[in-house]
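Student: I'd like a close look at one part of this model, the surroundings of the ligand. Could you walk me through that part and then carry on into the strands and loops that follow from it?

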Amino acid sequence: MSDLKNQIDKRRTFAIISHPDAGKTTLTEKLLLYGGAINVAGSVKGKKTAKHAVSDWMEIEKQRGISVTSSVLQFNYNGYCINILDTPGHQDFSEDTYRTLMAADSAVMVIDASKGVENQTKKLFKVCVMRHIPIITFINKMDRDAKSPYDLLEDIENVLGINTCPMNWPIASGKDFKGVYDRSKKEILCFTANNGQHEVEKKTVSPDDPNLEEYVGSLHKQELLDDIELLDGAGDEFDLEAVRTGKLTPVFFGSALTNFGVEPFLEEFLKLTTPPLPRETVDGIVKPYDEDFSAFVFKIQANMNKAHRDRIAFMRICSGKFKKDMEVYHVQGEKKIRLSQPQQIMAQEREIIDEAYAGDIIGVFDPGIFSIGDTICMASNKVKFKGIPTFAPEHFSLVRQKDTMKRKQFVKGTTQIAQEGAIQVFRELDAGMEEVIVGVVGVLQFDVFKYRLENEYNVDVVMEGLPYQFIRWIGNKDVDPKKLDLASDTKRICDMRGNNLLLFTSYWSIDWALEHNKGLILEEFGNV
Ligand code: G4P
């Protein structure tokens, strides 16, 4: 087998997604521990007082304890090379999560066993289903009092609209937690808390063991035997094809904090998921094993390192091998370029890399030429990947700088943050950049925007919420928006590319506009 195929076959690239506090960071940390990427559990999370993980590097993330942006971690385990893409743990950043999922081949969904699928997370998880990639569920915190496993599965099925297949089954929870029953191995993995140890002591017992009661107690023994019978009789059949097409999610129960069930989860996960998958281009597909390098940009992040004021474009390699200093072609810029200082980023730790393969994520310095969705390939074999859809903003604010002397910084900050895809920027027709309308998918993005303008660009702004809820791009190129007959609460605006749009407060005013302007085309998604 060629080295290229070998390298690609051992790669697994997945996103990890959860509600804040469900245990995403703790699980990631334990996975890294198995890969030897860190030595001691806790070195990711740091001290109790300063709650932040390796992947939570932004000041605002530390303050709020949420992860706003996503970073990438790579480690080796059992001959596999694993790329974990961390995602924002808040649904206000669903769009960022969606983009990250575009770069992943599968997703791990972490759920807190005491809470189930939380209301605020529904949108985030649905975004995952929209991508049709395999979703593997880890129900965490079984060492705490949990909801009934049946209810938890029902929750997932109802919210996500996909079937579940429990791979193991918990025996009680909280103080009574006895372990999990592995359904394929037909054995019980007894619960032992192992905080921080690399090698976890494994004690297994068969459900037929005459001494089973000793391990699980008489009450739980009967319950377990009943559950096994019920699951084997009535549960969804395991179907790998359904998993790979995102129709069925295998579910694992465990406890990340006590390092229980994490390694069996990782081992099964590697079997359930595939090496990097082919990617669609505008006129075909690109296979990972194709010799020619190709990649697309799924994320742009400025000022990751405040001291350097840099801007990094993250790209997912879709085919071939990347070599440092190789000359590539930037399709959207129609230019040959050299990707400078390619790096793999483990949160704050950056490592310059010499080579990377399909499935890997690399970060390169971006002098301001890249946009989200851009394709990079070989000049001799041009391809163009399908774009990444933009979500229509649902919240709007009028934003103006407090100090008019800081106009330059205001324009720069607003433009750069918009290029990263964190916000969308609009203007009133004929207006300058003194005052802009910022649209976001989730309101927390406003806070991040304001915070970043103040901290990274030194500009204080005043933000005034606007009552609009719906945005529509005007599809007709020959329509003068000023001549449209519109309800009094409809606003005419344009985006940074000069496209005309309308902001509405209700469906009623959208209907009004359509009825009073025959032939008017209003589109929900723009090419932002
Ligand atoms: P997140 O990244 O999804 O936001 O969650 P994170 O891993 O930071 O975990 C949130 C809290 O839940 C942490 O406690 C963590 O220790 C705890 N936790 C994670 N997994 C488990 C588990 O399996 N069992 C139990 N009992 N707790 C778990 P914290 O008090 O907020 O932080 P810290 O004081 O431990 O740093």
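Tutor: Happy to. Of the 19 residues around the ligand, the ones that come nearest are D21, K24, T25, T26 and D143. Please keep in mind as we go that this is a predicted model. Helix α2, residues 24-34, gives the most to the shell around the ligand, with 3 residues.

Now for the polar side chains. A nitrogen atom of the ligand lies 2.7 Å from an N or O atom in the side chain of D143, a residue that is also among those that come nearest. For R144, an N or O atom of the side chain is 3.2 Å from a nitrogen atom of the ligand. On S18 the partner is an oxygen atom of the ligand, at 3.3 Å from an N or O atom of the side chain. As for cover, the ligand on its own has 700 Å² of accessible area, and the protein covers 82% of that.

From D143 we can step to K141, which is found in the loop between β5 (135-140) and α6 (149-160). Its backbone deserves a look: K141 is not a glycine, yet it has a positive phi of about 65 degrees. Most residues other than glycine have a negative phi. K141 is also buried, because its relative accessible area is 17% and the cut-off for buried is under 20%.

The strand before that loop, β5, leads us to β11. These two strands pair in the parallel sense over 3 bridges, and F138 stands opposite F252 in β11. Strand β6 (residues 163-166) also runs parallel to β11, joined to it by 4 bridges. One of the residues to find there is N163, whose bridge partner in β11 is L248.

How enclosed is β11 (residues 248-253) by the rest of the structure? Largely so, because 6 of its 6 residues are buried. If you turn the strand in your viewer, you will find both faces covered: L248, P250 and F252 are buried on one side, and T249, V251 and F253 are buried on the other.

Let's move on along the chain to an open sheet of 4 strands, with antiparallel pairing and the order β7-β8-β9-β10. Its edge strands, each pairing on one side only, are β7 (168-171) and β10 (204-205). Between β7 and β8 (residues 179-182), which run antiparallel, there are 4 bridges, and I171 has G179 in β8 as its bridge partner. The loop between β7 and β8 holds A172. Like K141 with its positive phi, A172 has a positive phi, here about 60 degrees, although it is not a glycine. Helix α8 (residues 218-234) lies across β7, β8 and β9 (187-190), and runs at about 155 degrees to β7.

One last stop is L522, in strand β31 (residues 522-523). L522 counts as buried because its relative accessibility is 19%, and buried means under 20%. Beyond its neighbours within four places in sequence, L522 is in contact with R472, W473, I474, L502, F504, I510 and L514. The C-alpha atoms of L522 and G475 are separated by 5.6 Å, although these two residues are 47 residues apart along the chain.

Key: Residues numbered from 1 in each chain as written. Predicted model: local features only at pLDDT ≥ 70, side-chain atom pairs only at ≥ 80, totals over all residues. Heavy atoms only, no water. Pairing = 2+ DSSP bridges. Contact = heavy atoms within 4.5 Å. Axes fitted to C-alpha atoms, helices over the stretch in contact; angles between N-to-C directions. Buried < 20%, exposed > 50% of the residue type's maximum accessible area, 1.4 Å probe, protein only. Near = heavy atom within 4 Å. Polar contact = N/O pair within 3.5 Å; in protein donor to acceptor, adjacent residues only side chain to side chain. Areas by Shrake-Rupley, 256 points an atom, 1.4 Å probe, with all protein chains shown as cover.
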